[in-house]
Amino acid sequence: MAIKKVIIITDNDDFELFKSNLCQSIKLLNPLEAIEEITNSHTIEKFFKGKKYCKSFYLVATVNYLSNKYGLNKKIHTYDKYKMKNIIYPRGIEMMSRLLKNNDIKEKALKNAEKEFLQFNICEGDIENVY
């Protein structure tokens, strides 16, 4: 039986690719396994120490989201006092808003964003509903 792992790319700076790989791999695991893979990898701390805050906070928010959604009591509070200076939107939302010169797109995305991600100024929806 193959061991399933959460894919956390540490050597690529593309945030969208990072999110995509992470969310796709989370779909292969049960929520508790995903949380354990993320926390046991110590990647949150590595990203934070390496000043890759957005990725670090995204992982924390992912753990907190899964923990809250499934009542697992595995939330991480170490980074609660931190957040990104500006709101980070998905690349597609950012591009559509600029092309159409319409900020309503961003506002709609914020209204549908999960609170665990918004805590860190990251606009992200249901991470388990990716294709």
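A crossing of two helices is left-handed if the near helix is turned anticlockwise from the far one by less than a right angle, and right-handed if clockwise. This is a predicted model, where local features need pLDDT of at least 70 and side-chain atom pairs count only at pLDDT 80 or more, while totals for chains, interfaces and linings use all residues. Residues are numbered from 1 along each chain as its sequence is written, and side-chain values use heavy atoms, with hydrogens and water left out.

**View 1. Helix α2 runs alongside helix α4, pointing roughly the opposite way.**
Look for α2 at residues 31-41 and α4 at residues 53-70; their axes come within 10 Å and cross at roughly 155°. That angle is why α2 counts as roughly antiparallel to α4. (Angles under 35 degrees are roughly parallel, over 145 roughly antiparallel, 65 to 115 roughly perpendicular, and the rest oblique.) The axes are lines fitted to C-alpha atoms, for helices over the stretch in contact, and angles between N-to-C directions run from 0 to 180 degrees. Helices themselves are DSSP runs of H or I with at least four residues, strands are runs of E with at least two, and both are numbered from the N terminus. As for handedness, α2 passes α4 in a left-handed crossing. On the α2 side you'll find P31, A34, I35, I38 and T39, and they meet L59, T62, V63, L66, S67 and Y70 of α4. Sort the residues of this contact by type and you get 8 nonpolar, 3 polar and no charged. (Ala, Val, Leu, Ile, Met, Phe, Trp, Tyr, Cys and Pro count as nonpolar, Asp, Glu, Lys and Arg as charged, and the others, Gly among them, as polar.)

**View 2. Helix α1 also packs on α4, this time roughly parallel to it.**
Here α1, residues 15-26, sits with its axis 11 Å from that of α4, at an angle of about 25°. Such an angle makes α1 roughly parallel to α4. The crossing of α1 and α4 is right-handed. F15, F18, K19, L22, C23 and I26 of α1 meet C54, K55, Y58, L59, T62 and L66 of α4. The tally for this contact is 9 nonpolar, 1 polar and 2 charged.

**View 3. T62 sits in α4 and touches a handful of residues far along the chain or nearby in the fold.**T62 is buried, with a relative accessible area of 0%. (Buried means under 20% relative accessible area, exposed over 50%, and partly exposed in between, using a 1.4 Å probe and protein chains only.) Setting aside neighbours within four places in sequence, T62 is in contact with L22, I26, I38, F117 and I127, where contact means heavy atoms within 4.5 Å.

**View 4. Y65 and F117 pair up through their aromatic rings.**
How many aromatic pairs are there? The count comes to 14. In the pair shown here, Y65 and F117 are tilted, at 6.2 Å centre to centre with 50° between the planes. Y65 belongs to α4 and F117 to helix α7 (residues 115-118), so the pair ties together parts that are 52 residues apart in sequence. (Rings of Phe, Tyr and Trp, the last by its six-membered ring, pair if their centres lie within 6.5 Å; planes under 30 degrees apart are stacked, over 60 edge-to-face, and the rest tilted.) Are these residues buried or exposed? Y65 is buried at 4% relative accessible area, and F117 is buried too, at 0%. Zoom out a little and ring pairs link F15, F18, F47, Y58, Y65 and F117 into a cluster.

**View 5. S25 is tucked into helix α1 as a buried residue.**
The relative accessible area of S25 is 2%. Beyond its neighbours within four places in sequence, S25 is in contact with K5, V6 and I7.

**View 6. M96 sits in helix α5, residues 91-100.**
M96 is partly exposed, with 40% relative accessible area. Leaving out neighbours within four places in sequence, M96 is in contact with K101 and I105. M96 and K106 are 10 residues apart in sequence, and their C-alpha atoms are 8.9 Å apart in space.

**View 7. Two loop residues, H42 and N73, have a positive phi.**
H42 lies in the loop between α2 and α3 (43-49). Its phi is near 60°, a positive value in a residue other than glycine. H42 is partly exposed, at 46% relative accessible area. N73 lies in the loop between α4 and α5, and its phi is near 55°, again positive in a residue other than glycine. N73 counts as exposed, at 71% relative accessibility.
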